[in-house]
Amino acid sequence: MDNFTYSRATSLSDATNQAVADQNSLFIAGGTNVVDRLKVFLDRPSRLIDISRLQMEEIEPMADGSLRLGALVSNTAVADNIDIRRNYPMLARAILSGASQQIRNMATVGGNLLQRTRCPYYYDTAFPCNKRMPGTGCPAVTGANRSHAILGASEECVAVHPSDMCVALAALDAVVEVASPQGGRQIPFTEFHRLPGNTPEQDSNLQPGELITAVILPPLSFGKSGVYLKLRDRASYSFALISVAAAMNLSGNQIQGVRLAMGGVAHKPWRATAAEDFLIGKSANTETFTEAAEIALQGANPLTDNGYKVELAKRAIRRALTVSAQGGGVI
Ligand code: SF4
């Protein structure tokens with residue numbers, strides 16, 4: 001770890017002004033991913049701006065029926081919140097499927113969005129890596145790529161986003177609220193993270209000095225049907241090989257509304273909008289779900305070691321849609 005200046009932000013404007021003044025700075029709150037990266041020289045900031053004392057720890061209902069999650073709410077507090085468990089159960093289940101209780105106690109809403117890939121080459125500085133050092137190459141393209149992307153990747157980077165929570169947030173049409181010295185703005189969740197293209201060093205569309213202040217969950221009338229299915233190598237403390245967040249609204253057996261997103265497949269949480277469009281108005285049955293899964297995986301481009309993910313994702317989608325059509329629950 002390099003030496004750095006530590007400063008504690010006294011207000012939101014103090015935090016964002018400090019970040020603009022020193023563009024080699026990093027915000028730190030729970031630190032569950034940042035400290036790991038500092039220790040192995042992946043991040044070498046000149047300044048750490050501690051935002052952990054700012055007042056962003058509330059889960060608040062809003063006038064339009066949305067729920068506003070402050071950026072410093074812990075992952076545990078989100079998963080335990082009664083309104084989230086009742087109305088957005090896919091989010092609670094996604095969070096509880098990730099990391100460990102101790103890490104979830106420290107990890108924050110904002111930090112979860114900004115955690116970086118767990119591609120092993122990214123963390124091993126003996127290897128080149130375009131994300132860590134642009135222009136050096138991507139050994140994962142021809143190397144050990146069993147856990148890497150099958151959708152939306154580029155020659156420059158085939159990493160996947162590691163978050164479970166973010167897959168549910170993509171399915172729920174969440175909105176990210178950010179602050180900067182120029183004021184605030186809201187970013188639709190599906191536009192927050194980026195595909196790698198030729199700039200894999202950039203994970204999100206945040207601008208220099210911008211700080212996440214909250215994530216807003218719009219009301220979803222059929223949120224109670226939400227499920228989160230995570231498939232991984234170990235039963236706990238393991239990242240998703242494939243995950244699926246799904247929710248469905250039926251009238252009789254006809255699909256009136258549906259949400260579908262995948263994790264473990266791309267550089268960002270992957271919202272399957274073409275499959276959603278196909279499902280609307282169809283009968284909820286295995287044939288329909290099988291066809292939707294085929295549509296969701298159209299364009300999949302597996303690497304040398306991860307072809308299994310294509311079939312695994314299709315089966316996971318069928319299973320998640322089936323359980324959601326039955327009213328949801330733990331898978
Ligand atoms: Fe680096 Fe991305 Fe390649 Fe992994 S997949 S080695 S993070 S460039």
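Modeller: Asp, Glu, Lys and Arg count here as charged; Ala, Val, Leu, Ile, Met, Phe, Trp, Tyr, Cys and Pro count as nonpolar; the others, Gly among them, count as polar. The model we are discussing is predicted.

Biologist: What lines the second largest cavity?

Modeller: Its lining is made up of Gln115, Arg116, Thr117, Lys131, Val160, His161, Pro162, Asp203 and His267. The volume of this cavity is about 50 Å³.

Biologist: How do the residues of that lining divide into nonpolar, polar and charged?

Modeller: Two are nonpolar, four polar and three charged. Val and Pro are on the nonpolar list, so Val160 and Pro162 count as nonpolar. Arg, Lys and Asp are on the charged list, so Arg116, Lys131 and Asp203 count as charged. Gln, Thr and His are on neither list, so Gln115, Thr117, His161 and His267 count as polar.

Biologist: How many cavities of 30 Å³ or more does the structure hold?

Modeller: There are three. The largest cavity has about 90 Å³ of space. It is lined by 16 residues, and Cys119, Cys129, Lys131, Cys138 and Cys157 are the closest to its centre. The lining splits into 10 nonpolar, four polar and two charged residues.

Biologist: Where does the ligand sit?

Modeller: The ligand is in the largest cavity. To sit in a cavity, a molecule must have more than half of its atoms within 2 Å of the grid points, so the ligand passes that test for the largest cavity.

Biologist: Which residues come nearest to the ligand?

Modeller: They are Cys119, Cys129, Cys138, Cys157 and Val158, out of 14 residues around the ligand. That shell comprises 10 nonpolar, two polar and two charged residues. Cys and Val are both on the nonpolar list, so these five nearest residues count as nonpolar.

Biologist: What lies nearest the centre of the second largest pocket?

Modeller: Arg118, Ser147, Val160, Phe239 and Ala240 do, among 16 lining residues. This pocket has a volume of about 260 Å³. Its lining consists of eight nonpolar, four polar and four charged residues.

Biologist: What makes helix α5 mostly covered?

Modeller: In α5, residues 89–96, six of the eight residues are buried. They are Pro89, Met90, Leu91, Ala92, Ala94 and Ile95. Buried means under 20% relative accessible area, so each of these six is below that cut-off.

Biologist: Why is Met106 called partly exposed?

Modeller: Its relative accessibility is 47%. Buried requires under 20% and exposed over 50%, so Met106 falls in between. Met106 belongs to helix α6, residues 101–106. Its C-alpha atom is 10 Å from that of Ala77, and the two residues are 29 apart along the chain.

Biologist: What makes the phi of Ala99 worth a remark?

Modeller: Most residues other than glycine have a negative phi. Ala99 is not a glycine, yet its phi is positive, about 55°. Ala99 is in the loop between α5 and α6. With a relative accessible area of 32%, Ala99 is partly exposed.

Biologist: What is the phi of Asp173, and where does Asp173 lie?

Modeller: Asp173, also not a glycine, has a positive phi of about 60°. Its place is the loop between α9 (165–171) and β6 (175–180). Its relative accessible area of 36% is neither under 20% nor over 50%, so Asp173 is partly exposed.

Biologist: How is the chain divided into domains?

Modeller: Domain 1 covers 1–53 and domain 2 covers 223–325. Their C-alpha centres are 37 Å apart.

Technical notes: Residues numbered from 1 in each chain as written. Predicted model: local features only at pLDDT ≥ 70, side-chain atom pairs only at ≥ 80, totals over all residues. Heavy atoms only, no water. Domains from an automatic or database assignment. 1 Å grid on protein atoms, 1.4 Å probe; cavity = no way out; pocket = protein on both sides within 12 Å on 5 of 7 lines; lining within 4 Å. Points joined across faces, edges and corners; volume = space filled by probe spheres on them. Near = heavy atom within 4 Å. Buried < 20%, exposed > 50% of the residue type's maximum accessible area, 1.4 Å probe, protein only. Helix = DSSP H or I, 4+ residues; strand = E, 2+ residues; numbered from the N terminus.
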